[in-house]
Every structure is written in C-alpha cells, then in structure tokens.
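Q: Please take a close look at a single part of this model: the place where the two chains meet. What lines the second largest cavity, and how are the two copies related?

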There are 2 protein chains.
Amino acid sequence: LIDCAVAQVWSIVVAGGSGRRFGELKQFALLEGRPVVERAVQACRPFSAGVVLVVPAGTTDEYGADIAVTGGDTRAGSVRCGLAVVPPSAEVILVHDAARPLASPHLFDAVITAVTQGGDAAAIPGLAVSDTIKRVDAAHRVTATLDRTELVAVQTPQAFRADVLRRAHDAGDEATDDAALVEALGATVRVVPGERDNMKITTPADLRAAGHLLAGEAGP
Amino acid sequence: LIDCAVAQVWSIVVAGGSGRRFGELKQFALLEGRPVVERAVQACRPFSAGVVLVVPAGTTDEYGADIAVTGGDTRAGSVRCGLAVVPPSAEVILVHDAARPLASPHLFDAVITAVTQGGDAAAIPGLAVSDTIKRVDAAHRVTATLDRTELVAVQTPQAFRADVLRRAHDAGDEATDDAALVEALGATVRVVPGERDNMKITTPADLRAAGHLLAGEAGP
C-alpha cells in the first residue's frame, strides 16, 4: 500500500456522461447485490485520500464516493469535470472506469508504485492482445495485419502525476483514454501487466461472467 | 446458401497441432453436451462439399468431419496439413477455428458470397475493437495509441479463392491467420461484419459464456 505521507493520491471514477450511455451500459446494475459502480469506487478506496465519482446528470446516488459530480458530453470531458474538484494537494491521480469493478489491490498498487517510485509520468495496465488485429480502409479492405506482440489492450486504473494529467487535459482534447492525452505531451507512459479478470462490464453477458468471478466459480 | 454448382466449397477446421495446446485449450470440451470442435465442424457442413478437420496427433475421434488429418507444429503448418487433402476441385476454401462453435449460417454465407460474387481473393469477419490499443516498446513504454476506428479484431470462418490460399501457403510462412499470408501476396482481403457471439473458446469462463448463449439466456 502506498504511504499517504509520500504521495497524496486521489481517484476519479468515471461513470459516463451522456444519457445514452446511462441506459445502455451496465455500470449501474447490481453485481452480486451491489452496483458495479459502487464496487469500482470501493476498489479505489484503500489507495485514495479521496474518491471523486463522475455521474450522468440526474443520478442522485453517490455510490460511496466522497464527491459526486455530473459529467460532460464525452469521456475526456467527464474526466475534466472530475479533475475540477480534485484538490490541489493531490500529487497522484488515478482515473478508473466505473464499469471495472474487479481491479485487484495488486493492480492499484502496481500503477501507483510505477508513478511514485518509477519516475514515469503515468502508468497504465495493459494486456497482451489475443485476437489478430488488422487495419482496414474506408472500403473495408485490409491494409495491414499488425504485429500483435507489440500491442496491448489497455485497462484502468491509470495512474498519473497530478500536474501532468492536469496539463494533458488543459487543451480540452478528446481521447479514448487519459494516457493518450499524456502521450501527446511527450511524457512517458509505462505499461504494467493488466488482469484478465479486470473486465469492463458493458453487456448482460459481461455482468454474468463477473458474477461468476466474484462467486469464485472455477467453472466446468 | 451457396449453390454448389457455382463454386465447390471445402472447409478446413483447425483444432491445433501441438500437444501443449491440446491440454490447454477448451476446443475438445463438451459444450451443452457436444464437443466444441464437433459444433465447429457442423457449422461448416451446410456450406461445404467436404470438411477436413486438422487434429493433434493422438486424437482418434473425427468429430463428424469427412477427413481428419494430424496437424503441424504451428497454426499455418496445420492449415497446410489440411490443404494437402482438400481435393483440387475445390474452388473456395474456408478456414475455421475449431474453438469457434457459434459462427452463424449468416456469417458463413457472408464470407462465401464476398469471394464468389464480390471478386475478392479472400473475405474475413472483423469486429470493431472496443478496447484502447497501444503499441509498446521492449521496455513497456507506450510508443503510440492506435486509432481504433481503423482497426478490426479478426475471426473465422475466413473464405479464400482456393488458388490464392494454396499460393499463400506455398512459401511455408507463419502468421496468426491465413488472411495475413494472402495479404503478403498483395491480394485483396475483404472484411465483413463479424459476430460478438462468435467467440473463441479458450478458457473455462468462455465455455460457460458460450453455454449461456446456446441456452438462449437473455441474462440478468
């Protein structure tokens, strides 16, 4: 566990902005009796001086967060809404998907340690890519088969030096993850091993699979 | 369905070569009472004049295929073992993963039609990539975040003009899929929409999820 005397860590849990997502995604569904998003907030808790939850407008529950704030129209916009209420004393900021309730303490520890002790601006979990990934043109013709040994599929929690994350978001750009904005600054983003079980819950099948994992089923 | 008078279609179902994979993968496990590989062979059946199954040495069951042949040490080597027994009359050859029992008739129809009527050398199913994919260097630092709108995650069945597939395999090269060898010839590979349910079964959790899909469960 990180020593709060060394680095003041805050977490931003992003539960989406737009109303479309609220209806579509499963992050507010119950998973073994507790909302997915509440589990994501609780996963951040042992590592955080405070947890900010970014929710769609109209959501009234704070799901155990210290501060709840309504999000923007995009993912990056929602993170910026969260960043705006993270106190200036924060030295490290974690950004975590509300739809990932199963990230382990070990994973939080790994990304925080990489930033606080490794000297990198950011650390993110990445999994080896098992599918063959190809690039296609607008006419759906293959233009390249990528070397998947060089690729990772990225997860959260992502850990950032607070000053770098704030600078990355200053321009107001969009990206599918916060690390991409940090990369655009030219800062180093470190990849630590992700976890298969740290799945993003977006479908009923995902919710069922996560329930099996939580119940500790070894499977057939 | 394809008219066999128009194009003579044969299928190669690849159930892996090496002994390591035999123990690791779930393609010989029972899925709702029938082996995964048998379901993959049956999925090809309505579209094929014949089905060749490539199995690891020591496997005696043919799982409903017309011809069973032992595989090579690599995936491409195993496909070549299958190709060697596909008759010269075949005009279109499908290559299908034994670990994908849930490919729909619609998907088979789509890839075959693209090759027989679209004039392309090959057609493969591809799904939009939902994860953020990054490229990393040997020191696990991010070197690029890829534009995922240009990427697809590739599935099987993959359909090929027989002459092109044979030529692609002539050099004996390795690849994670057959389409990559065809691309290396400079031939056009068309991507048709893949199917979320057409999952590759490699873990107990995958097997459980496939069972739910087969049982028609809508989920919680």
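A: What follows describes the interface, then the cavity, and then a few points of the backbone.

The model is predicted, and every value below is computed from it. Begin with how the two chains are placed. A turn of 180° with a shift of 0.0 Å along the axis lays chain B on chain A, and the RMSD is then 0.0 Å. The two copies are therefore related as by a two-fold rotation axis. The contact surface fits this picture: 100% of the contact residues of chain B recur in chain A, so the same surface serves both copies. In chain B, the residue whose C-alpha comes closest to the rotation axis is B:Ala209, at 3.5 Å.

Next, the extent of the interface. On the side of chain B, 38 residues are in contact with 38 residues of chain A. Between them the two chains bury about 3400 Å², and 55% of this area is on carbon and sulfur atoms. There are also charged pairs, with 6 salt bridges found across the interface. One of the salt bridges between the chains joins the side chains of B:Asp177 and A:Lys134, with 3.0 Å from N to O.

Now the cavity. The structure holds 2 cavities of 30 Å³ or more, and the second largest has about 50 Å³ of space. Its lining takes residues from both chains: A:Ala205, A:Arg208, A:Ala209 and A:His212, together with B:Ala205, B:Arg208, B:Ala209 and B:His212. The elements that give two or more residues to this lining are helix 7 (204-214) of chain A and helix 7 (204-214) of chain B. By class, the lining residues are 4 nonpolar, 2 polar and 2 charged. B:Ala209 appears in this lining and is also the residue of chain B that comes closest to the rotation axis.

Last, the backbone. Most peptide bonds are trans, and most residues other than glycine have a negative phi. In chain A, the bond between A:Thr156 and A:Pro157 is cis, with omega about 10°. A:Pro157 lies in the loop between strand 10 (151-154) and strand 11 (158-161) of chain A. Chain B has a cis peptide bond between B:Thr156 and B:Pro157, again with omega about 10°, and B:Pro157 is in the loop between strand 10 (151-154) and strand 11 (158-161) of chain B. A:His140 has a positive phi, near 65°, although it is not glycine. This residue, A:His140, is in the loop between strand 8 (132-136) and strand 9 (142-145) of chain A.

Notes: Residues numbered from 1 in each chain as written. Chains lettered and ligands numbered in written order. Predicted model: local features only at pLDDT ≥ 70, side-chain atom pairs only at ≥ 80, totals over all residues. Heavy atoms only, no water. 1 Å grid on protein atoms, 1.4 Å probe; cavity = no way out; pocket = protein on both sides within 12 Å on 5 of 7 lines; lining within 4 Å. Points joined across faces, edges and corners; volume = space filled by probe spheres on them. Helix = DSSP H or I, 4+ residues; strand = E, 2+ residues; numbered from the N terminus. Nonpolar A, V, L, I, M, F, W, Y, C, P; charged D, E, K, R; others polar. Least-squares fit on C-alpha atoms with pLDDT ≥ 70 in both. Contact = heavy atoms within 4.5 Å. Buried area = accessible area lost by both parts, 1.4 Å probe. Salt bridge = Lys/Arg side-chain N within 4 Å of Asp/Glu carboxyl O.
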